[in-house]
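Here is a friendly tour of one protein chain. Have the viewer open while you read, and follow along from the overall layout to the details.

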Amino acid sequence: AKMKTKAQRLSITMIVLVAMVGMALWFPRETHASAIVVNTNLDELNGTPGNGNCSLREAISNANNDNGNQADCNAGSVNDLIALPGWTYTLTGSSGDDNNVSGDLDIQGNLTIAGAGSGITIIQAGTSSPVDGTCLDCVDRVLHIQAGAEVSINNVMIRYGKGPDGTA
């Protein structure tokens, strides 16, 4: 009877494995190129190699353009993954730009942003909480996800930005 039980277990295991492999082949999964790993919380976009800093803004620029123009970051591709360490990323500059140069982060393509945890990975457009709709140092909204872009944001807190109408 023990031999039959082992044979039955083996048969069930094989059926489950075949079913799992079949499902993996049948249902396509989104694939990412190598991750663009951010290694500074500075808000910079300088394009030149040498300082060794891959900022969040530079990583998004490479992802938007599917290239490596921001030389201190990995090149972007069609479906990008940006890995964010557990820091606070405060945006600088001014509003009014839709090319990710200043103010909010303008996302133009398919992108996943993966943080280290919503309590420790924070993207913000100012450093103070808005009171009565006024954020004294909020430069812009935090993110501007443009038409056609598919974006997934995991384990990240987003705060202290302005709405599209300019209110905090």
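What percentage of the 168 residues in the protein chain do buried residues make up? The answer is 35%. Please keep in mind that this is a predicted model.

**Overall layout**

The protein chain holds 2 helices and 9 strands. Read from the N terminus, its elements follow the pattern α-β-α-β-β-β-β-β-β-β-β. For contacts between residues at least 6 apart in sequence, 63% join residues at least 24 apart.

**The open sheet**

Four strands form an open sheet in the order E1-E2-E5-E8, and their pairing is parallel. E1 and E8 (151–154) are the edge strands, each pairing on one side only.

Begin at E1, which pairs with E2 in the parallel sense over 2 bridges. Here Val37 has Ala83 of E2 as its bridge partner. Strand E2 covers residues 80–83 and has two faces to look at. Asp80 and Ile82 form its covered face, while Leu81 and Ala83 form the uncovered one. Ala83, the bridge partner of Val37, therefore belongs to the uncovered face of E2.

At the other edge, strand E5 (residues 111–114) pairs with E8 in the parallel sense, this time over 4 bridges. If you would like a residue pair to click on, try Ile113, whose bridge partner in E8 is Ile153.

**The salt bridges**

How many salt bridges does the structure hold? There are 2, and the table sets out their partners and distances.

| Acidic residue | Basic residue | Closest N to O distance |
|---|---|---|
| Asp43 | Arg57 | 2.7 Å |
| Asp104 | Arg141 | 3.0 Å |

Take the salt bridge between Asp43 and Arg57 to begin with. Asp43 sits in the loop between strand E1 (36–37) and H2, and Arg57 sits in helix H2, so the pair ties together parts that are 14 residues apart in sequence. Is Arg57 buried or exposed? Arg57 is buried, because its relative accessible area of 3% falls under the 20% cut-off.

Now turn to the salt bridge between Asp104 and Arg141. This pair links distant parts of the chain, 37 residues apart. Asp104 is in the loop between E3 and strand E4 (105–107), and Arg141 is in the loop between strand E6 (122–124) and strand E7 (143–145). The two partners fall into separate accessibility classes: Asp104 counts as buried at 1% relative accessibility, whereas Arg141, at 22%, counts as partly exposed.

**The cavity**

Rolling a probe the size of a water molecule over the atoms shows where empty space is left. In this model the count comes to 1 cavity of 30 Å³ or more, and the largest cavity has a volume of about 40 Å³.

Which residues line the largest cavity? They are Asn41, Leu42, Asp43, Leu56, Arg57, Tyr89, Thr90 and Leu91. Helix H2 (56–65) and strand E3 (88–90) each supply at least two residues of this lining. By type, the lining divides into 4 nonpolar, 2 polar and 2 charged residues.

Asp43 and Arg57 are among the lining residues, and these two also form a salt bridge with each other. If you color this region in your viewer, you can pick out the salt bridge of Asp43 with Arg57 and the lining of the largest cavity in one view.

Methods. Residues are numbered from 1 along each chain as its sequence is written. This is a predicted model: local features need pLDDT of at least 70, side-chain atom pairs count only at pLDDT 80 or more; totals for chains, interfaces and linings use all residues. Side-chain values use heavy atoms; hydrogens and water are left out. On a 1 Å grid over the protein atoms alone, a cavity is a set of points where a 1.4 Å probe fits but cannot get out, and a pocket is an open set with protein on both sides within 12 Å along at least five of seven lines; lining residues have an atom within 4 Å of a point. Grid points are joined across faces, edges and corners, and a volume is the space filled by probe spheres set on the points. Ala, Val, Leu, Ile, Met, Phe, Trp, Tyr, Cys and Pro count as nonpolar, Asp, Glu, Lys and Arg as charged, and the others, Gly among them, as polar. A salt bridge is a side-chain nitrogen of Lys or Arg within 4 Å of a carboxyl oxygen of Asp or Glu. Buried means under 20% relative accessible area, exposed over 50%, partly exposed in between (1.4 Å probe, protein chains only). Two strands pair if DSSP finds at least two bridges between them. Contact means heavy atoms within 4.5 Å.
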